[in-house]
Amino acid sequence: VKWVHAVRARIGLLLRPRAAEARIDEEFRFHVDMMVSENLRAGMAPAEARRQALLAFGGADRHKERMRDERGARWLGDLISDSGYALRTLRRAPGFAAAAVVTLAIGLGVTTAIGSVLHTVVLAPAPYAEPDHVVQIARERGERRTLVLPPADVARLREATSEFLTLGVARFNDVALGTAESTVRVRGTVVTGSTLSMLGVPPLLGRLPAAADDVPGGACVAVLSFAVWSEHFAADPALVGGSVRLNGMPCTVTGVMPEGFAYPAPYFAPGELWLLAGPENTDWSAEAGPGFLVFGRLAGGRDLAEVRAALGVLSARDESTAGRLTAMRWAAPSREASRERLLILLAAAALVLVIGYVNFVMLQLARTVDRREELATRRALGATPGRLIRLMLAETGVLTIAGALGGLVVAKWSVDLIIALRSFMIPRMEEVAIGGGATAMCFGLAALGGAVAAAVSGVGLVPGRGPGVARFSRSVTRGRGGRHFGRGLVLVETTLTLILLAGAALLAQSYRNLSALDPGFRSTGVLHARVALPQTRYPDDASRAAFYAVLEDRVASVPGIRDAALTWVAPGVGAGAEQSFAIAGREPAPGMWPTTVWRPVSGGYFRALDVPLVRGRSLEGHRGAAAAAANRGALDSGSAGAAAMGGPREAVVNRAFVRRYLQDTEPLGQRLHLVPSVRADAAEPEAWTIVGVVEDVREEYVYREPPPAVYVHYSDQPRPSMVVLARTAGSPLALSQPLREVVAGLDPDLPVFGIRDLDYILRSEYDLNRLGMALLALFAGAALVLAIAGIYGVVSHQVAQRLREMGIRIALGAKPADVLRLIVGESGRFAAIGVVGGLMVVGTVGHLLGALTPGWTGVSRGVVAAVAIAVATVAVGAAYLPARRAASADPLETLRQE
Amino acid sequence: MSPRTSRDALRGSLDLLVLNTLSLESMHGWGISQHIQRISEGSLEVNQGSLYPALQRLEKEGLIRSEWGITDNSRRARYYELTSGGRRALRHELDDWQRFAAGLEAVLRESAT
């Protein structure tokens, strides 16, 4: 086939230039020899025959040259020789080369790193079959979106959306998994029978649980993640179909999922083991209590709009206060939040890149200007303008490629750093890597910078405007274009640096605000741990309350623990749902129920956390506590639930609650009840009387205003899982072992989860803030260094160019101070314009940073002003050093140099 | 395959001669130039400075291929032969040429009368 021959011929010509040359030589020799023998035959003398033949053949070298052009070998050869030449000349200017490469590498590196993060976190699809068809269902009220839905919602949804969606749910439920050696805690995820199959990922071994397995009170069935299976069971295939101990009870393992499967990761915490809701005795009619993340796969041919319409109909019927049901593409909620933050960081990185570009271009422009005489000489000696431009291009190309490679290294470091600063709030961070796309991006951006540099520095060399020897060697001031560019550089770099520094400073300030906030409780020295009581062995409220009462007592008596309290969710850690409630005597209209933070706690909660009581009394000495205490013997003898759980229930509310809901009346003595209890069939069994008011505690997030909160005694609502908070005398974690022993003493099958220093948990809530701040600070630092280098470089270069001018000025009577003022003044003027421009930008878009920043208190004038002064000072300082050199120019010296 | 523009007319005629010559038998460069000279009875003389670049170009386009061979008097020489693509191109070029020559002749005849 023709093209096969063509390709083969071309490859031969291009890749083996020497063989091609040899072949031509031999062909020509043969041809000439044939001509010679022809001439001999015609009767010429041998010498004359050869002479005539060579004459007739013509210049063999010219023929060869034509053939070389013809086969396209020339540009390749030229490219190689030009690059070699560029490398040699760059080696003679190592400072310049290093500065150009480093400046480009820093800009490219940070941009590529953030680009990779953005790509992985925001753009890469979820690792499930047809991820586009998976949606998540939430309730939405105004800005507020609730992702965790109560079981009753799941039941409603299952009924109303069956023709559109296959539902899948997830609820985290840490379980105690018995292994050969010990009991470990794994992140169990409660799912329904259709959930895992809905995701479309086949199991590695065994089978997925079937819908038939998911029956209330059915036998426990579990699917293990690859990690749990290989880590705790030595990847034993025989385990499939066998049984493990879960929360002390036997549970059948139906299958093992492949490596990397961690539903509902990547947008939520990864699951390690999956168990079915039915056997876990999930009450699908419960309107409150532990809820589920709800997902669904669109049935064939259905789209999101149809699902939303169906959900709208459903919402119109129900009375939930948590807002209307809506569906969105899965991952959208967390992605949106991350995307906003990452886009801000990407913009910041892009600013660093622009500064890098400007410096890169400036360096090459300066070099071209410096080399004008050399280039003029070359041109006078016969180099064509095209050839000179090619030489410059080769140099730019070498620098650009080196810069891009350096950029990849910087990107790798940056990604490692970002991962090391690990933020809980940015999902999938661990997966970020510098891959093919990032490499392409880095080289593409490098090529862009190279093209700009080549265009700008090549302008002075285009034919017609090219340098002539005479034109340039004698001028006193030169490079007007270069000077304009220098001013532009000062202006642009001060603007961008100001923006970045101000951003970083504002984030730092909000971080400080955050750490200085009074959370309303004392978290230092508090040990945090969670225990969970399996439903199978602690089936009712009485048995759980009894357990917690003993636990509270025993923990408080551990040496080194001063105070101990139990609560459902630790304050300030951002967990726990709100509860709809009503105040007796003022029941709201359906759908208008107010909400509050609702916390079952132990009587010692306020004392242990140093929350002052404002009015009335706390829950200590609560009737429930007394009942639970009376019941302690019952726990030990194994007959749970002996204590009577009747009588009035008591609640303590905080001041925010009083402000919001009881402004106009005496709070003490008011009665509260929860939504489900006002159903027609219930005769108000769950009502609490307010007996006290406490100071506000930032129960949700430390950086959010304290929400209204109601505290009730845990014996009224003994949750299946409670947090132990123990105030210690010294280091909290030193007491984790005694705490474990206390729990093991009560029930050896119960693991203790989440043993942490409460302070540490709260600080990690600032992580997001810290990540944004650290990165912006990093970018700002890089920008500052680049800007200093750029301004210093460009002013130095101008000073060197204008040394003669300065010499003449001094010879004519200018004082060194005048020269200093001239040069510093010029940079200073443009730096000032840059600072003003930067201030305007910060004033306009600074508030966008608020998205990055819990604890954001707006754009602080003081901080911005301080940054502006700092940037201006640095810019002037960078110009001052080279200006000093000009001021000390000796007129005799500089004028003699010519 | 690549359509030739009129800019290539002169070069094209050399290519045509070379391809036509090689359609008879495979031949070395010297043989090709001798053949063209002989058939045209000396009226067409092929310049070596054009012939070898033309051969290289045709080979690059995949119309001919070359390999080393031995001549009648036992010398090593590079022999060129048509590829099937070259054969097709030759037919095409010949048609073109004949149309062009006929047209040219018609126009010239008209202006002569």
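**Exercise 1.** State what share of chain A counts as buried and how its contacts are spread along the sequence.

*Solution.* Of the 898 residues of chain A, 52% are buried (under 20% relative accessible area, 1.4 Å probe, protein chains only). Next, take contacts (heavy atoms within 4.5 Å) with a separation of 6 or more: 82% of them join residues 24 or more positions apart. This is a predicted model, in which local features need pLDDT of at least 70 and side-chain atom pairs pLDDT 80 or more, while totals for chains, interfaces and linings use all residues. Residues are numbered from 1 along each chain as its sequence is written, chains are lettered from A and ligands numbered from 1 in written order, and side-chain values use heavy atoms, without hydrogens and water.

**Exercise 2.** Compare the expected and actual span of helix 10 of chain A, then find its buried residues and their cover.

*Solution.* Helices are DSSP runs of H or I with at least four residues, and strands are runs of E with at least two, numbered from the N terminus. Helix 10 has 14 residues (304-317), so at 1.5 Å a residue it should span 20 Å (1.5 Å times one less than the number of residues). The end C-alpha atoms are 20 Å apart, which agrees. Its buried residues are A:Leu304, A:Val307, A:Ala310, A:Leu311, A:Gly312, A:Leu314 and A:Ser315. Their cover includes helix 7 (151-160) and strands 1 (134-141), 4 (165-172), 13 (292-298) and 14 (324-329) of chain A.

**Exercise 3.** Identify the residues through which helix 12 and helix 13 of chain A meet.

*Solution.* On helix 12 of chain A they are A:Leu375, A:Arg378 and A:Arg379; on helix 13 of chain A, A:Pro385, A:Leu388, A:Leu391 and A:Met392.

Technical notes: Buried < 20%, exposed > 50% of the residue type's maximum accessible area, 1.4 Å probe, protein only.
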